[in-house]
Every structure is written in structure tokens, then in C-alpha cells.
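Reader: I should be grateful for a close look at the charged side chains of this protein. Please explain how they pair and where they lie.

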Amino acid sequence: MMAEAGAGGPRLAELLALGRRLWDELEASTEPSSGAPAVQDKVRQGLDALQRAAAMVAQLELFSENEELEEVASADLKFMLLPALLGGLTLKQVDLSRRTEHLESAREHFLRFLKLCRNYGLGSFQLPPAISSKEGGGSSPTPQDTTQSNLVAMAMSRTAKIERYKQKKELENKLASMSSAVESGTADDDQIREFYILQIQKWIGTSLEEIESIDQELVILRSRDAAKQAPPGSRGPSRPARAPMKPFILTRDAAQARVFGAGYPGVPTMTVDDWYEQRRRQGIAPNSQQGFGEPGFLPCLSPPAGAVDEESQKQQQEKKEEEDDEEALQKARDWDDWKDTHPRGYGNRHNMG
């Protein structure tokens, strides 16, 4: 296998090195926007180099499903990273009109990398399902089953994320301590092999995280596209427009209506019964067949029996007060008339005034 890799000459190694270098530069970039021309130019160069290298690896058949990890040459292990690097660079493209296409393409690269690692026994992880398997039919689960399965999945996902994060930190520390020896050429074959295997294991965790993020973004994008394509009538019936209400003063009875009407001639007044009748004609207030919870129902217009008795007593008291006021007013008028015809001190014959 090593001889076949060498048959491709240094060209294959150079393409991988170029793609890897551009990836590292993009990760450490301080550009304020990922859509900057310089950034996107590096993305295109990196994708071109890695795609050419992947085509050469496929032509050379460096990896096989019937092969064990021990059969792969140490120098060839680094080429297993090609699909993962392709997925990472594909995600850095910023063409919004092709965002869904880029997400699906990146997901396929990451999934191909994970399958290759599983075939060689690198890492213990569960492969994410293919996109097509999420769109299958079958009986719909009950809401209770769905909720329970979601809770279990969330707990498992959280545990897996914590474990992957710990492993990632450990791998980064080991790689940092070994990189200088490998890059300088002073490392032996065992160290080189361990170094590349650690890199592969690090990218396994990265690929699992990226696929999870891709799936979440795809759900959002497809929901948005479905909402745009749906006809306007399918978004639910629209409510009929209500005529704007004019301001008015709600009075208890006709007497109050006269009083307030005299004070506010520009504002129409009506009694509760008048207002209720007007709303009923407009189709807002309920008729006798409408229920309590239906639109337009006004429970305050149908008070309980106790409230009716209390209201009746209050009206009688007010009527009595009005009658008393009229009697007192008449007495006052008679007294004024009497004073007009009788001078002050009239009838005081004993000088007692």
C-alpha cells in the first residue's frame, strides 16, 4: 500500500499539506467576516487541493473495507483526514442561496469520514443516521412516547458532548507535545503512527459535533422554505375586519344618559340595553344560543340574581332621594316666596328677634 501511495509521487502529500495549511490559517484568521474576499479565496483554494487529493486517493485505493488498521502504512494514515477536512472547508462557504446544498455536502463528507474510521476500528461512536432515513413513513408515535424519547435523547446527547469535550482537550494536549518531533522529522514510525491516529480521533469528535449542528440548521432552513412555498390560503383563515368602535359613555339608565348627554354633547350616550342591542346587530354580542366561551360573549351583561336584587335596591334608594330632594326644593321655594311678602322681623311683637 505504501508503494502505491509513493507511485503518486509527492504531489498527493503536497495537496494534502496545502489544504491542511489553508484550513489552519482560516481557523486562526482574524478577519471580521467569513465572507471577506481573502477568506473565501482561501476556502476555494483549499477545497480544490483537497478534492484533487481525494480523487488521487480513490484512484490509488489506499483504503479498503476489508483491511485492518495494522495493514495501513503509518505515512498513509494522514490521508484518512481528507473527507473531514473537505467537510470543514465546505461549511466555510457563505453563499446563502446555496446554503442548504453546502450543508448537505459537508454532512456527506463528515459521514464518509466517520464510516471510514468505523471500518478501521478507530474510536467507539454511533454513526448519525442518513438524511433520507429521517423522512421515512411509518406509524406516528404518540406525544407521550415522543416526549419520553426526546428526553432520553437529550440526556444521552449531553453526556456524549461532555465526554467528547474531555477527550478533545486530552487529544489536543498530546498532539501539541508531539507535533514538533513529527514536523521536524525526528519522530520514529511508532510516534508518527500515534500522532496521526490522535489527529483522526480528534476529527471524529469534531465531525459528530458538526453533523449535529448541520441537522439543526437544515431543519430551520427547510421549515423556512416550506413556509415560503405554502399558498397564502393554507396559513389559516383570516378574521373578518371589525368596524372601528366610536367612543361613547355607557350609562345605567335613561336619566343618566340625559345628564351626561347634556354635559358632553359631542359624545353619544346609550344605556346598557341600547349598547348590547347595537353590538348584537353587529354580530359581536351573542344571541340566546351562544355559549360562554364564544367570541363576543359579555358575561357582565347577565348578572346573577343577587346582583339584580342589589341593583334594584340601589335604584329605589336613588329614586327616594330624588323625591326627597324635590320636596325639600319645594319647601325652599315656598320660604323664599314668604320672605318676599313678609319683611324681616314680621310677627316679632315682643322684641325677641
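Author: **Charged side chains and their surroundings**

Arginine 20 is partly exposed, with 21% relative accessible area; this class lies between buried, under 20%, and exposed, over 50% (1.4 Å probe, protein chains only). The model is a predicted one, in which local features need pLDDT of at least 70 and side-chain atom pairs count only at pLDDT 80 or more, while totals for chains, interfaces and linings use all residues. Residues are numbered from 1 along each chain as its sequence is written, and side-chain values rest on heavy atoms, with hydrogens and water left out.

The partner of arginine 20 is aspartate 24: their side chains form a salt bridge with an N to O distance of 3.7 Å. The term denotes a side-chain nitrogen of Lys or Arg within 4 Å of a carboxyl oxygen of Asp or Glu. Both residues belong to helix 2 (residues 10–27), where four residues, about one turn of the helix, separate them. Helices (H or I, at least four residues) and strands (E, at least two) are DSSP runs, numbered from the N terminus. Aspartate 24 is also partly exposed, at 40% relative accessibility.

In general, side chains of opposite charge can pair when their charged atoms come close. The structure holds 14 salt bridges. A second one joins arginine 107 to aspartate 215, at 2.6 Å from N to O. Arginine 107 is part of helix 5 (residues 99–119) and aspartate 215 is part of helix 7, so this pair ties together parts 108 residues apart in sequence. Both arginine 107 and aspartate 215 are buried.

A third salt bridge links glutamate 172 and lysine 169, with 3.9 Å between N and O. These two lie three residues apart in helix 6 (residues 143–184), and therefore about one helical turn separates them. Glutamate 172 is partly exposed at 27% relative accessibility, and lysine 169 is partly exposed at 38%. Elsewhere, Arg21, Glu25 and Lys42 are joined into one network by salt bridges that share partners.

Some charged residues gather without such pairing. Asp188, Asp189, Asp190 and Glu194 make up a patch of negative charge on the surface. A patch consists of residues with over 30% relative accessible area and no salt bridge; like charges are joined within 9 Å, and nonpolar side chains (Val, Leu, Ile, Met, Phe, Trp, Tyr) within 5 Å. Asp and Glu count as negative, Lys and Arg as positive, and His and the chain ends are not counted. The charge is placed at CG of Asp, CD of Glu, NZ of Lys or CZ of Arg. Accessible areas come from the Shrake-Rupley method with a 1.4 Å probe; for residues, only the protein chains shown count as cover. Within the patch, aspartate 189 is found in helix 7 (residues 189–229) and is partly exposed, at 47% relative accessibility.

Another acidic residue merits mention for its backbone. Glutamate 61 follows helix 3 and lies in the loop between helix 3 and helix 4 (82–91). Although not a glycine, glutamate 61 has a positive phi of about 55°. Most residues other than glycine have a negative phi. Glutamate 61 is exposed, at 59% relative accessibility.

As for the whole, the protein has ten helices and two strands, and 27% of its 353 residues count as buried.
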